[in-house]
Amino acid sequence: MIQTSGVIICLGYIFGLLFTAVPWGGIWILVLGIVGAILFRRRTTSRQLAQKPENVGSKNKAVPNIWETTPHPRIWLAASLVGLLATLYLQWRVPQPGAKDISQFVPPGNSSNQEQLVIVRGEVASNPRLTRSQRGQFWLEATQLDEVKNEKGSAGVPKGVTGKLYVTVPILQATGLYPSQQIAVTGILYKPKAASNPGGFDFQKFLKQEGTFAGLIGRQINVLDQERKWGWWQIREQIVRSQVRWLGVPEGPLVSAMVLGSKAVDLPYDIRDLFVQAGLAHALAASGFQTSLILSVILQLTKRAKKATQFTLGFLGLIIFLSLTGFQPAVLRAVIMGFAALVGLLLKRKVKQFGSLLLAATLLLVFNPLWIWDLGFQLSFLATLGLVVTVPPLVNRLAWLPPAIAALIAVPLAATIWTLPVQLFVFGVVPSYSLLLNVASTPLISIISIGGIISAIAALIWTEAGSFLAEVLHYPTDWLIKLVDFFSKLPGNSVAVGSISSWQLLVIYLLIILVWLVPWWQQRWWFANVIAIGLVFIPLWHSTNTLFRITVLESGTEPIVIVQDRGTVTVINSGDEGTGRFTILPFLQQQGVNQINWAIATDFQGNESNAWLELLQRLPIRNFYEYSPKPENSIAIQAIQQELQKYQGSYQALAVGQGVKTGSIVAKLINDQLPILQLQILNQNWLLVGNIKSKEVQQLVKSGSLPRPQVLWCPPQSLKDLVIALQPQVAIASSANFDPKALSELNKSQTKLFFTGRDGAIQWTPNGQFEAFIEATENKSSML
C-alpha cells in the first residue's frame, strides 16, 4: 500500500485542490512545502548527527521516533509542486460552455418567463424524476435547436448544438422516457440563476458542477424513436419495480434507495427531507456499507475457492454494483477501497485502510477534480476517515461496555465528529438527536440493507421472488420511518447555530487532527472539545446580542422583511407556499435563528395560501399579528392558531391603523384598500407599498397622511411614479427587468435604486449602507 512518501504526495494533491478557495492558493502551498522541507531537513540532519559514533551516548541520540520515518525534504518539495499543479489542473477542468453550447443560444435577458419557444432535439441522458413542483425532470444531451415562430410551425434554419440541458416538463410528458432515447422537446430556454438570498440554493452553481449552463421549461415532447436500447437503467428499474410492487410507497422506494442510493431511485421528497433533517441522510446513500456487505457475502460463499476466483467474483460484484448505482462519487470511493481489499487478499498482504482511502480519494480527484467541492464526496470521505482512524480509540475508551454496544456507539460518533464541521459550514444546523437516532436505527438499517440486496438479486432472477422477499421487509421499513418521524417531532430536534466561517472550519479540523495524531492532545481530548464548542457558540452569541440588521429578501411578488434586533427576530410577510421552505428558513438557519419573536402578516397580494404554516412547522413563533384577516381565510387562521398553541404562541388580529411595536420597530397598516405598511425603524421611515395606483398615493401625500419615507419598497410598475411622488432616499423594487428609458430618468434623481430580481436580497445596518447580496457575493468570489 501507500508508503509515507506516497501519503505526503497524495495529501499535497488534495490540499492543492482545496487551496483553490484561497487567493494565490497555489503559491501558498508551494511556500508551505519549501518551509516544511527546510524544517525537516534540519530534523534529518539532527538525526544523522545523533547516529555518528562520537555522539553515541550523548543527549542527541534521544531523537523522537517520528523523525526516523520522516520523508526526505525532497518529498515535501515534490508534494508542494504537485499541490501547485493541482490548483492549475482544477482551473483547467472547470466546465466552460463551448462555441456551440446550447446556452449560447438562450435569448437575451436569460429569463425563464421570456415567451420564445424553441424545439430542442437530443438524447435523454437520465431517467425522469419528480421535482418538488410535481414536474418531470431529466437531463438531455442536445444536438439540434430550432426556433419556433408560432405554435404550428418553425422558422429559421436548424442549428447544430452541443451541451447538456436541465429539462422539466409536465409529469405526463415525462412518463415512459428512458436513457438513450431520441426526443424533441418544445419549450423555453433559460439560463440558471445564482442564489439571490443568503443561505439560498445556488441553481447556477449546481448546474455548472454538472457541466450544464442552461435549462429548458418543456411544454411538449415528441419521441423520435421507439427502439429500447439496453442499459443498466433497465436492471435498476426492474429491481425498483419489484420492490415497490408489494411493499408499496414509501416503503418500496426507501428499500431501493438504501440498496442503490437515493440518486438512482426517485424517492419521495417528504421521506428524503425527513431523513435529512433527522441526521440520517447517509442511510439513503449507497456506499461503504453495501460494498462491504457484497464483498463479505461473495468471499464467504467462495471461501473454499482459489484466491484468483475470489478476486474475480468480487471484482465482478463490485463492478455490477457500481453500474447499478450510477457511478456516484461516494460509491466509487467505496468500490476502489473494495478493490484494494481484493488486491490485498490476492497478494496475501494486509491492507492499510487509511492508505486505501487516501489512494481512492486521490484517484477520484484526478479523474474529476471538481468533486473536491461536491458535498456528497466530502461527507463520504470524512465519514470513512472517521471510521478508519477514530473508531478504534473510541472503542477502547468504551471498553467498559459490551463490544457490540461499544461498536454501535463508536461508529456513528466517529462519523459525526468528522462530518459535523462541514455540515455546520454548509447548513448551519445541528440535528440534536442524530447520534441517538443513529444508534437506535442501526439494527433496522442493517436488516433492511441486507434484505434489500437479497431481494434485488432475486428480482433479477424472478420478479415475483424479489417482490416476496421485499414484502418481508415491510415491518422493519415501517418501523424505521416511524422511528425517524418520532425523533424529528421531538422538541428541539434541530438547532440552528448559524453557518460557521472558513477559519472556524479550519481550526476545528486542526483540533480533530491534533487529537488523532498527537499524544498530548489525545490525553486532553475534552479540552479540544471545549475549544471547538467555544469557536462555534461564542461568535454566535456575540453576533446574536449585538447585531441589528434589516434584510429585504428576494421573493418576487411580496415584500418579505426580516429584522434581527439584538437577539429578537421579526418577520414581516411570508410570501407564497414554498417561499418559507426555500427562502425564509434557509436564511434564518444560516443566521442561527431558532425562533421568531414577532410575525406580521399583511396579505399584500390577496393570497389565501402563504408560508406561515411552513415556518410554524419548523420554528416557534411567539407573537403572531395579522392585519385585516378575511373570512374566507378562516381555515388557514385556525391552522395557524393550532400550530401557535404548540409553542404557547399568541395570535392577534389587528385593525387598520393599529400599531405593533416589536423591539425597535413600530409597524402600522395605513389602509386596507390601499395596502401600505409603514415601518418606523430607529430614526427611519420605511414604506412597503402593494399594487396601487400612483394617483392614490399622490392624494395621500398631498393630504399629509402619508409621510415621505427614507426607504420605499414597491412593485416595479409603480416605481417611477412613486419615486417622483415620494422622493425616498432608497427605493427597492422586485423586478429583474426594468424599462431602460424609465430607469435612465430615475437615475437622474437622488434616489438610490435596488432591484431584488437583479441584486438579490438587500441588507442594511445602522452603521453601514444598503448592500446588495449578489454584488457582495461577487466581490468576495472575485477575491478568490
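Q: Which residues of helix α18 are buried?
A: In this predicted model, the helix α18 covers residues 463-471, and its buried residues are Gly466, Ser467 and Ala470.

Q: Where do those buried residues fall when you look down the axis of α18?
A: They fall within an arc of 100° when seen down the axis of α18, so they line one face of the helix. As general background, an α-helix has 3.6 residues a turn, so residues three or four places apart point the same way.

Q: And what covers the buried residues of α18?
A: The cover includes three other helices, namely α7 (232-247), α17 (434-461) and α19 (474-488).

Q: Ok, changing topic to empty space: how many cavities of 30 Å³ or more does the structure hold?
A: The structure holds two cavities of 30 Å³ or more, and the second largest cavity has a volume of about 30 Å³.

Q: Which residues line the second largest cavity?
A: Its lining is made up of Ala278, Pro431, Ser432, Tyr433, Ser434, Leu437, Phe487, Ser488 and Asn493. The elements that give two or more residues to this lining are α17 and α19, and both of these helices are also among the elements that cover the buried residues of α18.

Q: How many of the lining residues of that second largest cavity are nonpolar, polar or charged?
A: By class, the lining of the second largest cavity has five nonpolar and four polar residues, with no charged ones.

Q: What about pockets, how much space lies in the second largest one?
A: About 600 Å³ of space lies in the second largest pocket. This pocket is lined by 27 residues, and the closest to its centre are Leu540, Ser543, Thr544, Gln590 and Gln591.

Q: Which element gives the most to the lining of that pocket?
A: Helix α22 gives the most to the lining of the second largest pocket, with seven residues. That helix spans 525-546, and it is joined by β11 (560-565) and β12 (568-572) as elements that each supply at least two residues of the lining.

Q: How do the residues of that pocket lining divide by class?
A: The lining of the second largest pocket divides into eight nonpolar, 17 polar and two charged residues.

Q: You mentioned β11 and β12, so what is the order of strands in their sheet?
A: Eight strands form an open sheet with mixed pairing, and the order is β15-β14-β13-β12-β11-β10-β23-β24. The edge strands are β15 and β24 (771-772), and each of them pairs on one side only.

Q: In which sense do β10 and β11 pair?
A: Strand β10, residues 548-553, pairs with β11 in the antiparallel sense over six bridges. One of the bridge pairs puts leucine 553 opposite isoleucine 560 of β11.

Q: What joins strand β16 to strand β17?
A: Three bridges join strand β16 (residues 660-662) to strand β17 (residues 665-671), and the two strands run antiparallel. Valine 660 has alanine 667, in β17, as its bridge partner. The two strands form a hairpin with two residues between them, and glycine 663 in the turn has a positive phi of about 65°.

Q: And how many bridges are there between β17 and β18?
A: There are six bridges between β17 and strand β18 (residues 676-681), again in the antiparallel sense, and in β18 the bridge partner of isoleucine 665 is isoleucine 681.

Q: Which residue other than glycine has a positive phi near 60°?
A: Glutamine 648 has a phi near 60°, and its place is in the loop between α25 (634-646) and β15 (650-654). Tryptophan 24 also has a positive phi, of about 55°, although it is not a glycine. As a general point, most residues other than glycine have a negative phi, and most peptide bonds are trans.

Q: Is tryptophan 24 buried or exposed?
A: Tryptophan 24 counts as exposed because its relative accessibility is 70%, where over 50% is needed, and it sits in the loop between α1 (4-18) and α2 (25-50).

Q: Last one, which residues does a cis peptide bond join?
A: A cis peptide bond joins valine 249 and proline 250, with omega about 10°, and proline 250 lies in the loop between α7 and α8 (251-260).

Methods:
Residues are numbered from 1 along each chain as its sequence is written. This is a predicted model: local features need pLDDT of at least 70, side-chain atom pairs count only at pLDDT 80 or more; totals for chains, interfaces and linings use all residues. Side-chain values use heavy atoms; hydrogens and water are left out. On a 1 Å grid over the protein atoms alone, a cavity is a set of points where a 1.4 Å probe fits but cannot get out, and a pocket is an open set with protein on both sides within 12 Å along at least five of seven lines; lining residues have an atom within 4 Å of a point. Grid points are joined across faces, edges and corners, and a volume is the space filled by probe spheres set on the points. Helices (H or I, at least four residues) and strands (E, at least two) are DSSP runs, numbered from the N terminus. Ala, Val, Leu, Ile, Met, Phe, Trp, Tyr, Cys and Pro count as nonpolar, Asp, Glu, Lys and Arg as charged, and the others, Gly among them, as polar. Buried means under 20% relative accessible area, exposed over 50%, partly exposed in between (1.4 Å probe, protein chains only). The arc is that of the directions from the helix axis to the C-beta atoms. Contact means heavy atoms within 4.5 Å. Two strands pair if DSSP finds at least two bridges between them.
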